[in-house]
Amino acid sequence: MAANRRNGMHPSEPGLVGVVSAAMALPRMSLPTVATVVAAVAALYFGREVFLPIAIALLLTFALAPLVSALKRVGIPRLPAVIASVLGAFTVLALFSFIVATQVSELAQNIPLYQSNILTKVRSLKETDVGGGVIARLSEAIERVGQELDRQETSPPAADQPRRDPVPVEIIARERPLQVLQNLIGPLISPLASAGLIVVVVIFMLLEREDLRDRFIRLVGYGDLHRTTEALQDAGKRVGRYLLMQLVVNIVYAIPVTAGLWILGIPNALLWGLLALALRFVPYIGPIIGALLPLFLALAVAPGWSLVLWTAGLFVVMEMITGNVVEPWLYGSRTGLSPLAIIVAAIFWTWLWGPLGLVLSTPLTVCLVVLGRHVPQFEFLDVLFGNEPVLEPHARLYQRLLAGDPEEATDHAEEMLEEKYLFEFYDKVAIAALLLGEQDRVRGVMGDEQRRRVAASAQMLVANLDDSAREEAEEDDDPATAEPAPADKDKQAQAEGEDDTELPDGTEMSVLCAGGRGELDDAAAAMLAQVLEVQGATVSKASFADMDPTGIRRLELDAVDTVVVGFLNRDSVKHARFLVRRLKRARSALRVGIVFWSKDGDDKKTEVEWTNDINADFVAFGMVEAVLGALSSDPPVALKVAAKRRMRRRPRPARKAPLAAAK
């Protein structure tokens with residue numbers, strides 16, 4: 001039934017201390033780091049005139065570096081390859097800007113033609129009383145504000161003066177040709193100078209890329225070349241791949257949008273397609289802005305509402321296709337940023353550098369995440385903005401159990417069960433979470449109420465996973481859905497060092513699972529019981545309170561083949577030995593197994609020595625070993641006489657014969 005399953009872990013998992021230390025290794029933000037961050041933000045804000053062109057040049061260098069490398073592999077020398085790449089990129093940007101400017105000029109000339117359609121739609125809204133109250137109130141408010149402004153700016157006309165019609169006056173400015181040229185070229189000097197500076201910086205960065213890399217390593221990471229090299233490669237790969245993939249996604253999005261708007265008859269369809277391509281570099285709000293402008297134009301072009309609906313449908317369909325098909329295929333989540341981090345970064349960089357900061361927010365934040373991933377002092381950046389889980393799965397589960405939230409814990413468990421078997425989830429995640437709870441109990445930081453809450457939440461988690469366990473058991477029963485382990489998978493598992501032990505069929509086997517010394521042990525026993533039920537065994541459960549001498553006498557052990565008692569605390573060896581003795585005295589033909597969920601990795605005892613020491617039929621240290629021992633058909637081990645009692649037994653003195661005593 002379950003012969004095709006594989007165990008994905010070694011029987012000897014790390015001990016309790018190792019699990020807790022791994023979970024508690026959280027990054028801490030020291031005071032010097034806070035001062036450094038504040039100083040860096042202040043420098044970026046007040047020096048934005050200098051740092052903004054350098055940041056743009058750096059990102060363009062990341063984007064053009066793969067193209068330069070490709071041209072060099074073809075055989076083109078470095079200097080021509082760099083100049084060709086930079087000139088090609090900026091030629092495309094200049095052509096893009098020229099087309100947009102031409103289209104905007106044409107649109108501005110046609111705006112008065114669309115005024116009548118807008119007025120018609122406003123009148124139709126008033127006549128049908130759809131939103132009429134809102135429109136009327138807005139109109140009245142605007143009119144009152146306008147009247148108040150006119151009243152303050154102009155004095156009321158005298159009553160005795162006759163009203164005269166205004167006389168149009170035309171003011172002709174007589175400017176010198178040099179002044180006209182200065183007014184025309186002046187606003188363009190600053191953008192052109194910045195663009196020229198960026199071009200020069202990009203060229204020199206591409207030409208001196210290796211030298212700049214070596215200088216950066218010598219400056220900040222000469223003592224750890226491995227980490228610095230890995231950080232530089234990671235940053236270049238992430239940023240370059242993000243820019244390239246985002247450009248491809250935007251082009252794939254813009255071409256159908258342009259064609260669709262042209263088919264629908266929206267004027268200047270090329271303009272809206274180019275704007276959609278550019279605005280999609282702005283996270284989240286960019287696509288919305290790119291869709292609002294064509295929607296407003298569709299409202300002004302046609303007298304009816306059908307064109308507006310068709311235009312909205314076009315953008316909605318393209319967003320769904322791009323977001324759910326194209327981006328996961330080409331781009332996915334390779335930036336390593338969480339969605340909330342993208343929004344926060346957009347707000348921060350917009351405040352810091354304005355609209356250009358909004359466009360550059362995602363790649364710049366990617367660089368910060370890479371810095372936090374490879375530099376310990378800035379690890380908090382990776383924790384704040386990265387998309388990797390900051391808590392291990394078992395620590396995350398324990399946190400939910402502590403909060404008394406088994407529903408969210410169940411959601412996480414079901415997500416993991418899509419890729420893992422039930423016994424793997426319990427073995428690697430759930431039992432490890434209970435080990436954290438036992439460690440807190442031993443340290444005295446967990447009260448009785450918290451302990452009961454964690455145990456109750458864990459029991460509820462097990463109950464919530466009954467459906468998943470049932471589905472897994474039915475899949476194993478169906479030979480059509482069972483996946484036999486092919487030979488290549490066996491070889492791969494052996495090469496990776498995994499245990500190939502197969503879980504046996506538990507049909508016609510009866511097992512009693514019990515906790516050893518507390519509520520947390522009962523929760524672990526419930527998890528083991530559910531795994532045994534998936535294997536087809538008949539399972540009953542007992543509480544740790546049932547394991548006292550009085551409770552054991554009340555247990556119905558006649559129909560039970562094996563009793564398995566679990567302990568989360570490794571200091572329970574003596575208690576386990578007493579339980580084995582009591583259970584075997586209650587029924588000599590009973591197999592009794594002990595599970596120490598927290599085996600110490602430094603223990604030099606073998607499993608046979610543990611078994612002989614406790615006098616149990618088997619001693620396990622993980623879920624797989626516990627299932628194998630519980631479903632084994634080996635005969636029970638006979639109860640041994642305690643060594644201390646044998647020492648206390650002394651031979652009785654021989655009685656004297658009556659005749660000798662009389663003499």
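Colleague: At what angle do helix H13 and helix H14 pack, and how far apart are their axes?

Modeller: In this predicted model, H13 (residues 339-353) and H14 (residues 355-374) pack at about 125 degrees, and their axes are 7 Å apart.

Colleague: Why is H13 called oblique to H14?

Modeller: Roughly perpendicular covers 65 to 115 degrees and roughly antiparallel starts over 145. The angle of about 125 degrees falls in neither range, so H13 counts as oblique to H14.

Colleague: Which hand does the crossing of H13 and H14 have?

Modeller: H13 passes H14 in a right-handed crossing. On the H13 side the contact includes Ile 342, Ala 345, Ala 346, Trp 349, Thr 350 and Trp 353. On the H14 side, Pro 355, Leu 356, Leu 358 and Leu 368 are among the residues that take part.

Colleague: How do the residues of that contact divide into nonpolar, polar and charged?

Modeller: There are 10 nonpolar residues, five polar and no charged ones in the contact of H13 with H14. Trp 349 of H13 is in the contact and counts as nonpolar because Trp is on the nonpolar list. Gly 357 of H14 is there too, and Gly is classed as polar.

Colleague: What makes H19 and H22 roughly parallel?

Modeller: H19 (residues 448-464) and H22 (residues 519-534) pack at about 10 degrees, with axes 8 Å apart. Angles under 35 degrees count as roughly parallel, and therefore these two helices get that label.

Colleague: Which residues make the contact of H19 with H22, and what classes are they?

Modeller: H19 contributes Arg 451, Arg 452, Val 454, Ala 455, Ala 458, Gln 459 and Val 462. H22 contributes Glu 519, Leu 520, Asp 522, Ala 523, Ala 526, Met 527 and Gln 530. By class, eight are nonpolar, two polar and four charged.

Colleague: What makes helix H26 mostly covered?

Modeller: Seven of the eight residues of H26 (residues 623-630) are buried, and buried means under 20% relative accessible area. The buried ones are Met 623, Val 624, Glu 625, Ala 626, Val 627, Gly 629 and Ala 630.

Colleague: Which residues are buried in H16, and what comes just after that helix?

Modeller: In H16 (residues 393-402), His 394, Ala 395, Leu 397, Tyr 398, Arg 400 and Leu 401 are buried. Just after H16, Gly 404 has a positive phi of about 70 degrees.

Colleague: What share of the whole chain is buried, and how many helices and strands are there?

Modeller: Buried residues are 38% of the 663 in the chain, which has 28 helices and five strands. The chain exposes about 39400 Å², with 61% of that supplied by carbon and sulfur atoms.

Definitions and conventions
Residues numbered from 1 in each chain as written. Predicted model: local features only at pLDDT ≥ 70, side-chain atom pairs only at ≥ 80, totals over all residues. Heavy atoms only, no water. Buried < 20%, exposed > 50% of the residue type's maximum accessible area, 1.4 Å probe, protein only. Helix = DSSP H or I, 4+ residues; strand = E, 2+ residues; numbered from the N terminus. Areas by Shrake-Rupley, 256 points an atom, 1.4 Å probe, with all protein chains shown as cover. Axes fitted to C-alpha atoms, helices over the stretch in contact; angles between N-to-C directions. Left-handed = near helix turned anticlockwise from the far one by under 90°. Contact = heavy atoms within 4.5 Å.
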